[in-house]
Amino acid sequence: MALVCLGCLAVTGCVAPGPRIEATPALRLHEVKDIGDGRRRASTDLALQALDAEIKGETARARGLYARALQTDASNPYAYLALARLHADQGDAAEALEQLARAEDLLRADALDSPRVAVHLIGLRGVALRLEGNNAEGDALIARASRIAPSVWGDGRLTASELR
């Protein structure tokens with residue numbers, strides 16, 4: 001019987017499923033608005049306002065709000081994450097990758113890295129790599145993010161409202 005099953009797999013090209021990846025609810029910034037000291041909370045509030053401005057198509061206002069968020073708390077990884085999303089959305093791969101690196105370093109330093117935020121780091125890195133022309137690696141990262149958090153990354157992008 002086992003030989004018949006193996007023969008079936010060989011003939012039909014079927015493969016056994018790989019390890020199952022559990023879907024993870026992706027982090028939304030409003031969930032962390034009350035975390036940290038007063039500066040962190042104020043900075044995150046400004047980042048949320050910036051996301052709201054992006055949703056309304058007010059990109060210049062959003063950039064100003066992100067700058068204020070980082071002036072208020074230069075160690076807020078969530079502000080860097082949101083700013084990286086804006087740069088990726090605007091097609092600036094180098095700046096998106098720089099902001100992602102800052103966010104990742106700060107998340108790790110503050111022990112705030114988790115699968116819920118890592119999915120955004122993975123997906124945004126993939127978007128930025130695609131912008132640089134590295135389609136193979138970028139597509140692989142975006143596909144990974146999509147498997148982890150399909151409700152957010154299923155379309156291969158992260159909108160301001162999805163991060164908000």
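Which residues in α2 meet which residues in α4? I opened the notebook with that question, and the answer is below, after a note on the model.

**Entry 1: the model as a whole**

I am working from a predicted model. I counted nine helices and zero strands in the protein. Read along the sequence, the pattern is α-α-α-α-α-α-α-α-α. I then looked up burial, and found that 40% of the 164 residues are buried. For contacts between residues at least 6 apart in sequence, I noted that 59% join residues at least 24 apart.

**Entry 2: α2 against α4**

I went back to the opening question. On the α2 side I listed R40, S43, A47, L51 and E54, and these meet P77, A79, A82, R85 and L86 in α4. By class, this contact has six nonpolar, one polar and three charged residues.

Next I looked up the geometry. Helix α2 covers residues 38-55 and helix α4 covers residues 77-89. Their axes come within 9 Å and cross at roughly 15°. Angles under 35 degrees count as roughly parallel, so I entered α2 and α4 as roughly parallel to each other. The crossing of α2 past α4 is left-handed.

**Entry 3: R40, on the α2 side**

R40 is in helix α2. Is R40 buried or exposed? Its relative accessibility is 11%, and buried means under 20%, so R40 counts as buried. The side chain of R40 makes a polar contact of 2.6 Å with the side chain of D73. Leaving aside neighbours within four places in sequence, I found R40 in contact with I35, D73, S75, N76, P77, D110 and L112. D73 therefore appears in my notes both as a contact of R40 and as its polar partner, and P77 is one of the α4 residues listed in Entry 2.

**Entry 4: R85, on the α4 side**

R85 is in helix α4. I read a relative accessibility of 3% for R85, so this residue also counts as buried. A polar atom of the R85 side chain lies 3.0 Å from the backbone oxygen of L158. Which residues does R85 touch, not counting those up to four places away in sequence? I listed L51, E54, L124, L158, T159, A160 and L163. Among them, L51 and E54 belong to the α2 side of the contact in Entry 2.

**Entry 5: L83, also in α4**

L83 is found in helix α4. With a relative accessible area of 11%, L83 is buried. Not counting residues up to four places away in sequence, L83 touches Y66, L70 and Q99. I also looked up L83 and L65, which are 18 residues apart along the chain, and their C-alpha atoms are separated by 9.9 Å.

**Entry 6: α5 against α6**

I finished with a second helix pair. Helix α5 (residues 93-109) and helix α6 (residues 115-131) pack at an angle of about 160°, with axes 9 Å apart. Angles over 145 degrees count as roughly antiparallel, so I entered α5 and α6 as roughly antiparallel to each other. Their crossing is left-handed.

From α5 I listed A93, A96, L97, L100, A103, E104 and L107, which meet V117, L121, L124, R125, A128 and L131 in α6. By class, the contact has 11 nonpolar, no polar and two charged residues. One of the α6 residues, L124, is also on my list of residues touched by R85.

Definitions and conventions: Residues are numbered from 1 along each chain as its sequence is written. This is a predicted model: local features need pLDDT of at least 70, side-chain atom pairs count only at pLDDT 80 or more; totals for chains, interfaces and linings use all residues. Side-chain values use heavy atoms; hydrogens and water are left out. Axes are lines fitted to C-alpha atoms, for helices over the stretch in contact, and angles run from 0 to 180 degrees between N-to-C directions. Helices (H or I, at least four residues) and strands (E, at least two) are DSSP runs, numbered from the N terminus. Angles under 35 degrees count as roughly parallel, over 145 as roughly antiparallel, 65 to 115 as roughly perpendicular and the rest as oblique. A crossing is left-handed if the near helix is turned anticlockwise from the far one by less than a right angle, and right-handed if clockwise. Contact means heavy atoms within 4.5 Å. Ala, Val, Leu, Ile, Met, Phe, Trp, Tyr, Cys and Pro count as nonpolar, Asp, Glu, Lys and Arg as charged, and the others, Gly among them, as polar. Buried means under 20% relative accessible area, exposed over 50%, partly exposed in between (1.4 Å probe, protein chains only). A polar contact is a pair of N or O atoms within 3.5 Å; within protein, one must be able to donate a hydrogen and the other to accept it, and residues adjacent in sequence count only if both atoms are side-chain atoms.
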